[in-house]
Amino acid sequence: MAEDSSKHVFVSYVKQDADTVDGLCAVLEAAQIPYWRDRKDLGPGDAWRAKIKSAIRDGSLVFLACFSENSRSRDKSYMNEELTLAVEEFRQMPPGRVWLIPVRLDDGAVPDWDLGAGRTLSDLNYSDLFGKEHAAHAARLVTTINRLLGDKRPNPATALAAVEQASAADRVTMLKQLTKDMLLETSRRIELDDTVSQEVQRVLAALKDNDRVASVGGTNEEQIFKIVEEAQEYWRLVAPFCASLQVAARWGSTEQLNPWSSGIRSFVAAALKIAGGNAALLSMRHLPGVVSIMTAALATGSNGNFENLKALVYDPTVKDRYEQKPSSILEATDPYKPFSDSNDWIANVLARATKTGETLEEALKHFTEKRQGKYYAPAAEWMHSSLRPIFEDQWPDDDTFDAEFDRAEVMLGVLAQDFISVRKAANPEGRYWGHSRWFGRSTYRVNHSHGNPVEDLRYEIETNGVQWAPLKAGMFGGEVGRARTAVQEYEDTFSKVARSRW
C-alpha cells in the first residue's frame, strides 16, 4: 500500500520477526488500512532516522509495537529507538487515548516500559497474533484501528477484505468476533451486513455450481468418500456464517436479523432447485440450510429469545412446487434431507470422522471391519459434533449442551408439525400430509435417562398457558390449542421413533 501522507498505522518490530509481521501487514492491506513499515516505506538514500521520526510523530494514528522472544532478547534494536519515540508521544496524549497498542507474537510478557504517571506498557490492552485466538484478535485489532481512523477509512466495508484474507478455519473465529464487535454499533451495521452477505454468497456459489453435483465414478468406497468430502466442504463453507449467526441470534434484535434470516432462506431455496446430476450430491445441498436452522434454534433456545427464533426459522418461507402457497423452511428441509438419496454409510462415516477425527477410510472400516453398529441418528450426531465448538462460549459444559441440543431438535420438530397440522386441518382431503421429520439424538437419549424434552414442552404449555413464551412471540398463531395439537401430534411420532431406537 502506498504511503499515506496524512494518517496511518505505524508497525514497529525487530527484523527477525519480519516474516510474522508480513502476516499482520497482509491483514492491514486486505482491510485497506494505511500503514507505515520500514521495509516498505524507506527507499534507497532516505535519511531513515528522520523518516521514522516523522512517521511516528507526524502521521501515525496508531502505533503497533510487536513483541516476541526475538525482541525481548535484544538489548539494542531499532525497534527500541522507535518505541522510545512512541512513548514520548504517548506521554503527551490525554489519559484514555488509544494510540499505543502492544502486539504479542508469542506468549511472552509485554515489557514494562515506563509510560509515565505510574503507567507501564504492560498495563495496556494487547493483541495476541498467535495461537488459536489469532483470528479473533486480528479481527478485534482491525475493528479498533478502523474506529480510530474514523472517516479516513478508504472503504466502509474493510472487514470484508480482512475476512477474505483469512483461512477457512480462521474465518469462523473472525466472523464471530466481528459480529460481536459490530452488531450493537449502529455505524457499522452496513459493514456487518455486507460481511455476512459475503459469506452467504460464498455458500450459494457452491450450491449453484453444477460441476459439484456431477456423476460420481469409482468403487463404492470411492463414491462414499467423494460424497462425504462434499458434505465436509459444505460445512467448511457455512461454518463462518453459523458462527456469526450464533452471536446475532443471541444478542441481536429482530430488526437486525435480516442478513441471517435471508441467508438461511436462500440456502434452503437453493437446495430445492431442480438440477441434473448425482442424486446423493444433489440432496447434500440441503446441508447448509439444515445446520443453519439448528444453529438458530440452539442460540435462541436457552435464553428464551423466541422472537428471534420466529424471525430466523419460523417466518421465512420458500416456494413449494407442489403447493400454490409458499411453505415454511421447516417443512421444506429437515436433518434427513441431505442424506435422503444416500446409503447409510454416507451419514455414518461423516458423523464418525467428525466425532473422532479419524480419516474417512478409518471411519468406514470401523463399521465394516469391526462390525460396529451404526448411529441411530447420524445426521444429528454430525451436527452435534460440528456445532459444539461454536457454542463453547455459550455452554462450556457438555451435559448442558447435550440437553439444549435435544430441546432445540424438539422445538424445531414441533414447529414443523404445527405447519403440517394447520395445512391438514384446512384441507383434510388433500395430499398425504405426513409428519414432522425433525428428529435426532433426543429420540434415543430419552431411553437412557436423559429426560424427555417433548414432555418438558407440554408441561410448559400447561403451566404457562397463553403466557408461554413461544406463543407470546407469535408462533403457533398465538393459540394455546394449536400449540397443544402440534406437541401431541409430534409426540405420537416421537414415541414411535424412540421405541425403535433402544
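Start by selecting Thr-443, which sits in helix H20 (residues 442–445). Helices here are DSSP runs of H or I with at least four residues, strands are E runs of at least two, and both are numbered from the N terminus. Before you click on, note that this is a predicted model, where local features need pLDDT of at least 70, side-chain atom pairs count only at pLDDT 80 or more, and totals for chains, interfaces and linings use all residues. Residues are numbered from 1 along each chain as its sequence is written, and side-chain values use heavy atoms, with hydrogens and water left out.

**Stop one: Thr-443**

Is Thr-443 buried or exposed? Thr-443 counts as buried, at 0% relative accessibility. Buried means under 20% relative accessible area, exposed means over 50%, and partly exposed is in between (1.4 Å probe, protein chains only). Now add Gly-440 to the selection: its backbone oxygen lies 2.6 Å from a polar atom of the Thr-443 side chain.

**Stop two: Ser-68 and Asp-17**

Jump to Ser-68, in the loop between strand S3 (60–67) and helix H4 (69–72). Ser-68 is another buried residue, with a relative accessible area of 4%. Show Asp-17 as well, and you can see a polar contact of 2.4 Å between the two side chains. A polar contact is a pair of N or O atoms within 3.5 Å; within protein, one must be able to donate a hydrogen and the other to accept it, and residues adjacent in sequence count only if both atoms are side-chain atoms.

**Stop three: salt bridges**

Time for some charged pairs. A salt bridge is a side-chain nitrogen of Lys or Arg within 4 Å of a carboxyl oxygen of Asp or Glu, and by this rule the count comes to 25.

Pick Glu-69 and Arg-72, whose side chains meet in a salt bridge (3.8 Å, N to O). Why are these two about one helical turn apart? Because they are three residues apart in helix H4. Arg-72 counts as partly exposed, at 25% relative accessibility.

Next, select Glu-331 and Arg-423, which form a salt bridge at 3.3 Å, N to O. Glu-331 lies in helix H15 (residues 329–332) and Arg-423 in helix H19 (residues 398–426), so this pair ties together parts that are 92 residues apart in sequence. Glu-331 is partly exposed, with a relative accessible area of 22%, while Arg-423 counts as buried at 17%.

Stay with H19 and choose Asp-398, which has a salt bridge to Arg-388, the closest N and O atoms being 3.0 Å apart. Asp-398 is in helix H19 and Arg-388 in the loop between helix H18 (378–387) and H19, so to speak linking distant parts of the chain, 10 residues apart. Asp-398 is partly exposed, with a relative accessible area of 47%, and Arg-388 is buried, at 11%. One more thing to pull up: Glu-69, Arg-72 and Asp-106 are joined into one network by salt bridges that share partners.

**Stop four: charge on the surface**

Switch to a surface view and select Glu-221, Glu-222, Glu-229, Glu-361, Glu-362 and Glu-369, which gather in a patch of negative charge. The elements giving two or more residues to this patch are helix H10 (220–251) and helix H17 (360–368). Which helix gives the most? H10 does, with three residues. Click on Glu-361 in helix H17 and you are at a partly exposed residue, with a relative accessible area of 43%.

For the opposite charge, select Lys-208, Arg-265, Lys-273 and Lys-319, a patch of positive charge on the surface. Patches are made of residues with over 30% relative accessible area and no salt bridge, with like charges joined within 9 Å and nonpolar side chains (Val, Leu, Ile, Met, Phe, Trp, Tyr) within 5 Å. Lys-319 is found in the loop between strand S8 (317–318) and strand S9 (327–328), and is exposed, with a relative accessible area of 74%.

**Last stop: two pairs across the sequence**

Select Arg-499, in helix H23 (residues 480–499), which counts as exposed at 56% relative accessibility. Arg-499 and Val-446 are 53 residues apart in sequence and 9.7 Å apart in space, C-alpha to C-alpha.

Finish on Glu-82, in helix H5 (residues 78–91). Glu-82 is buried, with a relative accessible area of 5%. From Glu-82 to Val-11 is 71 residues in sequence and 9.7 Å in space, C-alpha to C-alpha.

Definitions and conventions: Accessible areas come from the Shrake-Rupley method with a 1.4 Å probe; for residues, only the protein chains shown count as cover. Lys and Arg count as positive and Asp and Glu as negative; His and the chain ends are not counted. The place of a charge is taken as NZ of Lys, CZ of Arg, CG of Asp or CD of Glu.
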